[in-house]
Amino acid sequence: MRNFKITVNGRVYDVQVEEGAAVASAPVVVAAPAPVAAPAPVAAPAAVTPVAEPAPAPTVAAAAGEGTPVEAPMPGTILKVLVSNGQAVKAGDAVVVLEAMKMENEISAPCDGTVTAVCVNTGDSVDAGKVLVTIK
């Protein structure tokens with residue numbers, strides 16, 4: 001048996017995968033919610049490794065820079081970043097191509113200005129509301 005810790009939608013699960021002879025079917029997976037961390041530290045057996053909490057996300061102001069933020073309208077993956085810092089853009093110019101649900105969506109500049117920050121890279125996964133580019 002192999003033990004794994006898996007996080008799904010913010011919940012941590014202990015998963016045990018049974019190993020055995022090669023079989024045509026998928027391995028048996030038993031999932032149960034992991035216990036919630038106690039407020040006071042508790043001594044654990046030497047074989048158990050605590051699950052690290054993710055680092056807090058930077059604030060939008062720190063990540064975006066000064067100006068008008070261009071936010072992701074939906075979750076997806078960045079296919080192309082079409083602008084760079086210091087580049088002049090007009091309202092309606094495409095700044096990023098975002099793939100969501102197998103569709104390519106061009107995200108446009110909401111105003112005329114100069115790009116002051118590019119907050120994403122090609123291949124990044126983003127959530128709805130994530131600042132992609134800032135224009136001033």
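**Exercise 1.** In this predicted model, identify the bridge partner of A94 in β8, and then establish how β7 is placed among its neighbouring strands.

*Solution.*
1. The bridge partner of A94 in β8 is S108.
2. This bridge belongs to a wider pairing: β7 and strand β8 (residues 103–108) run antiparallel to one another, with six bridges.
3. The two strands form a hairpin, with two residues between them. In the turn, M101 has a positive phi of about 55 degrees.
4. β7 also pairs with strand β5 (residues 76–81), again in the antiparallel sense, over four bridges. Within this part of the model, T77 has E99 of β7 as its bridge partner.

**Exercise 2.** Determine why strand β7 is described as largely enclosed by the rest of the structure.

*Solution.*
1. Strand β7 covers residues 94–100, seven residues in total.
2. A residue counts as buried when its relative accessible area is under 20%.
3. Five of the seven residues of β7 are buried, and the strand is therefore largely enclosed by the rest of the structure.
4. For the protein as a whole, 21% of the 136 residues count as buried.

**Exercise 3.** Classify F4 as buried, partly exposed or exposed, and name the surface feature to which F4 contributes.

*Solution.*
1. F4 is located in strand β1, which spans residues 2–8.
2. The partly exposed class lies between the limits of 20% and 50% relative accessible area.
3. F4 has 35% relative accessibility, so this residue counts as partly exposed.
4. Together with I6 and V8, F4 makes a nonpolar surface patch of about 230 Å².

Conventions: Residues are numbered from 1 along each chain as its sequence is written. This is a predicted model: local features need pLDDT of at least 70, side-chain atom pairs count only at pLDDT 80 or more; totals for chains, interfaces and linings use all residues. Side-chain values use heavy atoms; hydrogens and water are left out. Patches are made of residues with over 30% relative accessible area and no salt bridge: like charges are joined within 9 Å, nonpolar side chains (Val, Leu, Ile, Met, Phe, Trp, Tyr) within 5 Å. Accessible areas come from the Shrake-Rupley method with a 1.4 Å probe; for residues, only the protein chains shown count as cover. A salt bridge is a side-chain nitrogen of Lys or Arg within 4 Å of a carboxyl oxygen of Asp or Glu. Buried means under 20% relative accessible area, exposed over 50%, partly exposed in between (1.4 Å probe, protein chains only). Two strands pair if DSSP finds at least two bridges between them.
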